[in-house]
Each structure stands twice: as C-alpha cells, then as structure tokens.
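Trainee: Could we go through this model together before I write up my notes?
Mentor: Yes, have it open and ask as we go.

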Amino acid sequence: MPPKLNVHNFPRPPLLEKTPRHLQIKWNNQVIADTKDAYWALETTHPPTYYLPPDSILLPLTRSSHKSFCEWKGAATYWNITNPGNGSQEVKNRVWSYEKPTKGFESIKDYLSFYAGPWDCYVDGEKVEPQPGDFYGGWVTSDIEGPIKGGPGTWGW
C-alpha cells in the first residue's frame, strides 16, 4: 500500500510534477482515456489534480465557450464530450486545459484534466472519489488524508 499523502503537507503555490501512476477514465465501461504519462498538481488542502496528455484521450472533444482563471496556472479552456454509450448526451465543461499556462506550469500546455464524473476515474486501478463540492477537480484516493477543501465551510481556507 502506498504511503499516505496528507493534503496539508502539499505546497502553496502548487507543485507540478510527472507522476508514474496509471490513470484511466471509463464511461459506460468504455475506456475513454488511458495513460502513465500524466502530471499531477499538488496544492495545500487539495487532493491531486491530474493532467493527461492529449493523445491519451480516446474520444473527440469540442471546445466550450466557458472560461475560468486559476491564480497559479492562468486561463483555462473548457471542453465538451459526448457519451460513447448515448450519442445524444453531451457533457459540458467537465474537462479543461491550459493553452497558455503561466511560468512554472508550461509542461501542462494542452494537457487535459477531468472532473471525477459523470465518468469513472481510476488511479492505479482504484476508483477515485471526486473532491468535495463542484468547483475543484481533484481526485481522492485511499492514500489521501487530511481535511480537503471544497465542501461546506471550507471556501476561505
């Protein structure tokens, strides 16, 4: 079992580094992303946020008009994706990337990050839980410990 990672020991500003972990995303039991060549961002009080290389995504994405801004990584572009089991179901703004990331985050240019749902996300075969709330996109696994930002009462952390 991997050692526990306490989110309160993660740095601020966040640390971005390659991770050797095997990441998979499945939707309707179909693999839609698969890689061992991702980055993770580790930030105080947050579970890891994973960034997957574009060539690991097995379904087409369409650009959304939605935008947001991260104080660390810059302007985010959002993407829509169509359910492989139901072509009429398009999920909007649950995938994002940075086309021009800020200094220190250039490595994740055009890499894609997924919220943990409506699909199932896996780290080394373990199904993840989404970070509490619906704003942050961290993936919670059994090796993550400590109070996590995102739920009620944590906004000002």
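Mentor: What follows is a talk about the pocket, the strands, the cysteines and two loops.

Trainee: What should I keep in mind about the source and numbering?

Mentor: This is a predicted model, in which local features need pLDDT of at least 70 and side-chain atom pairs count only at pLDDT 80 or more, while totals for chains, interfaces and linings use all residues. Residues are numbered from 1 along each chain as its sequence is written, and side-chain values use heavy atoms, with hydrogens and water left out.

Trainee: What volume does the largest pocket have?

Mentor: The largest pocket has a volume of about 530 Å³. A pocket here is an open set of points on a 1 Å grid over the protein atoms alone, where a 1.4 Å probe fits, with protein on both sides within 12 Å along at least five of seven lines, and lining residues have an atom within 4 Å of a point. The volume is the space filled by probe spheres set on the points, which are joined across faces, edges and corners.

Trainee: And which residues lie nearest its centre?

Mentor: Of the 27 residues that line the largest pocket, Glu-43, Cys-70, Lys-73, Phe-135 and Tyr-136 lie nearest its centre. The lining divides into 15 nonpolar, 6 polar and 6 charged residues, where Ala, Val, Leu, Ile, Met, Phe, Trp, Tyr, Cys and Pro count as nonpolar, Asp, Glu, Lys and Arg as charged, and the others, Gly among them, as polar.

Trainee: Which strand gives the most to that lining?

Mentor: S7 gives the most, with 3 residues, and strands S6 (49-51), S7 (61-70) and S8 (74-82) each supply at least two. Strands are DSSP runs of E with at least two residues, numbered from the N terminus.

Trainee: How are the strands of the open sheet ordered?

Mentor: The open sheet has 4 strands in the order S7-S8-S9-S10, with antiparallel pairing; two strands pair if DSSP finds at least two bridges between them. S7 and strand S10 (112-114) stand at the edges with a single partner strand each, so one side of each is left without a neighbour in the sheet. S10 pairs with strand S9 (residues 90-97) in the antiparallel sense over 3 bridges, and Val-95 stands opposite Phe-114 in S10.

Trainee: Then the hairpin: which residue takes a positive phi there?

Mentor: In the hairpin of S3 and S4, with 2 residues between the strands, Asn-28 takes a positive phi near 55°. Strand S3 (residues 23-27) and strand S4 (residues 30-35) run antiparallel and are joined by 5 bridges, with Gln-30 in S4 as the bridge partner of Trp-27.

Trainee: Switching topic, how many disulfides are there?

Mentor: The structure holds 0 disulfides, a disulfide being a pair of cysteine sulfur atoms within 2.5 Å.

Trainee: Why is Cys-121 without a bond?

Mentor: The closest cysteine sulfur, in Cys-70, is 19 Å from that of Cys-121, which is too far for a bond. Cys-121 is buried at a relative accessible area of 2%, where buried means under 20%, exposed over 50% and partly exposed in between, with a 1.4 Å probe and protein chains only. Cys-70 also counts as buried, at 15% relative accessibility.

Trainee: Last one, is Pro-60 buried or exposed?

Mentor: Pro-60, found in the loop between S6 and S7, counts as exposed at 67% relative accessibility. Its C-alpha atom is separated by 8.0 Å from that of Thr-82, 22 residues apart along the chain. In the loop between S8 and S9 you find Gly-85, which counts as exposed at 59% relative accessibility.
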